[in-house]
Amino acid sequence: MQIPTHCTLCPRACGADRTQALGVCGGGRQVRLARAALHFWEEPCISGTRGSGTVFFSGCPLKCCYCQNFTISAQNFGREVSTRTLADIFLRLQEQGAHNINLVTAGHYLPWVLEALNLAGPGLTIPIVYNTGGYETAEALHALKDVVDIWLTDIKYVSSALSAEYSGAPDYFEVASAAARTMCRMAGPPVMENGLLKRGVIVRHLALPGAMADTRAVLEFMATELPKGGFLTSLMSQYTPFYKAREHKALNRRISTYEYRQAVNLAVELGLTQGYMQEKSSAKEEYTPSFNLEGVEDKT
Ligand code: SF4
């Protein structure tokens, strides 16, 4: 594996020399993890009954001001581990009964992840879930094509004004919409077995307060531009004003019942009924796991 000396792993293409310094995402020369444990708060077809073997990577190329995982994404909390340790973590989660390995925001560690999956070898038989904010390059997706079974991606916004203001990424929709199309093409329609997703794409959208026009635009994109029956929709209502959200007037509250009903009705009208609609009562802070380095041990 070669550590990038002029990093272009994500669309920011910040050019960091990762052998010497951290990039804009917080990624350095070694993988950094905040937690690796069974997790029960993903969509039911991912969490199942035994949990998803979820590996939270520290750092993130997106800069969402409301990130519920800000201690790891923005503040880079975590511990460095070798790729051998990462491979062992995958295998240990499988032994613990995980239905899948769920790589959360791993794109800025792509070469390390590929090496760890390779080191884990054919003994790692459960599906690999790539859980991303959708801000991914075409090159990264193609590099993952043969190892990822399930793409769990976001379409957060259509408006570049919103994505610039809230996530520091004016090109977000251009990038994330292209990524979602590519994922649908690569994975094909969802394959379920005993209520668990084995292969396919879940496209998530988190409804934000005061942004119903953009939620409408996102849902319309999903209904008209992504292949019908080619993915599952996950409409989420759990928005809570974390991190720097309160600095933005519109984000300083949870979404209203009226807003959520509007979003759900629109999804139904548009035929986006294959998937999940979260209860509005899911907007609880306890759904954020504690990032306490559980399961992250470097024995090298
Ligand atoms: S992955 Fe990180 S270091 Fe690499 S281009 Fe993106 S922000 Fe920069």
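**Exercise 1. Work out how strand β1 is paired and how enclosed β1 is.**

Start with the β1 and β2 pair: strand β1 and strand β2 (residues 52-57) run antiparallel and share six bridges. Keep in mind that this is a predicted model.

Step 1. Pin down the register with individual partners. H39 sits opposite S52 of β2, and R35 has F56 of β2 as its bridge partner.

Step 2. Look for another neighbour. β1 also pairs with strand β3 (residues 79-81), again in the antiparallel sense, over three bridges. Here L33 is matched with R79 of β3.

Step 3. Check burial. In β1 (residues 31-39), seven of the nine residues are buried, so the strand is largely enclosed by the rest of the structure.

**Exercise 2. Which residues of β2 point one way, and which the other?**

Step 1. Recall the background: in a regular strand, side chains alternate between the two faces of the sheet.

Step 2. Sort the residues. S52, T54 and F56 point one way, while G53, V55 and F57 point the other way.

Step 3. Now add burial. Six of the six residues of β2 are buried, so β2 is largely enclosed by the rest of the structure.

Step 4. Find the other pairing that goes with this. Strand β4 (residues 101-104) runs parallel to β2 and is joined to it by four bridges, with T54 standing opposite N102.

**Exercise 3. Is S47 buried or exposed, and what does S47 touch?**

Step 1. Locate the residue: S47 belongs to helix α1 (residues 44-47).

Step 2. Apply the cut-off. Buried means under 20% relative accessible area, and S47 counts as buried because its relative accessibility is 2%.

Step 3. List the contacts, skipping neighbours within four places in sequence: H39, F40, W41, E42, S52 and H99. H39 and S52 are the pair that face each other across β1 and β2.

Step 4. Look for a polar partner. A polar atom of the S47 side chain lies 3.5 Å from the backbone oxygen of F40.

**Exercise 4. Test whether helix α7 has the length you'd expect, then see what covers it.**

Step 1. Do the length check. α7 (residues 172-187) has 16 residues, and at 1.5 Å a residue it should span 22 Å; the end C-alpha atoms are 22 Å apart, which agrees.

Step 2. Pick out the buried residues, among them Y172, V175, A176, M183 and C184. The elements covering the buried residues include α5 (138-144), β6 (150-154), α6 (160-167), β8 (196-206) and α8 (212-225).

Step 3. Contrast that with F173, also in α7. F173 counts as partly exposed because its relative accessibility is 21%. Leaving out neighbours within four places in sequence, F173 contacts I155, Y157, V158, A178 and F221.

Step 4. Step past the helix end: just after α7, G188 has a positive phi of about 75°.

**Exercise 5. How many disulfides does the structure hold, and are C10 and C25 buried or exposed?**

Step 1. Count the disulfides: there are zero.

Step 2. Look at the cysteines one by one. C10 counts as buried at 13% relative accessibility, and C25 is buried too, with a relative accessible area of 9%.

**Exercise 6. Describe the annotated domain.**

Step 1. Take the boundaries from the record: an unreviewed UniProt entry annotates residues 55-160 as "domain: Radical SAM core".

Step 2. Summarise that stretch. Over residues 55-160 the chain is 34% helix and 18% strand, with the end C-alpha atoms 30 Å apart.

Technical notes
Residues are numbered from 1 along each chain as its sequence is written. This is a predicted model: local features need pLDDT of at least 70, side-chain atom pairs count only at pLDDT 80 or more; totals for chains, interfaces and linings use all residues. Side-chain values use heavy atoms; hydrogens and water are left out. Helices (H or I, at least four residues) and strands (E, at least two) are DSSP runs, numbered from the N terminus. The expected span of a helix is 1.5 Å times one less than its number of residues. Buried means under 20% relative accessible area, exposed over 50%, partly exposed in between (1.4 Å probe, protein chains only). Contact means heavy atoms within 4.5 Å. UniProt positions are given in the numbering used here, feature names are shortened, and annotations may be inferred rather than shown by experiment. A disulfide is a pair of cysteine sulfur atoms within 2.5 Å. Two strands pair if DSSP finds at least two bridges between them. A polar contact is a pair of N or O atoms within 3.5 Å; within protein, one must be able to donate a hydrogen and the other to accept it, and residues adjacent in sequence count only if both atoms are side-chain atoms.
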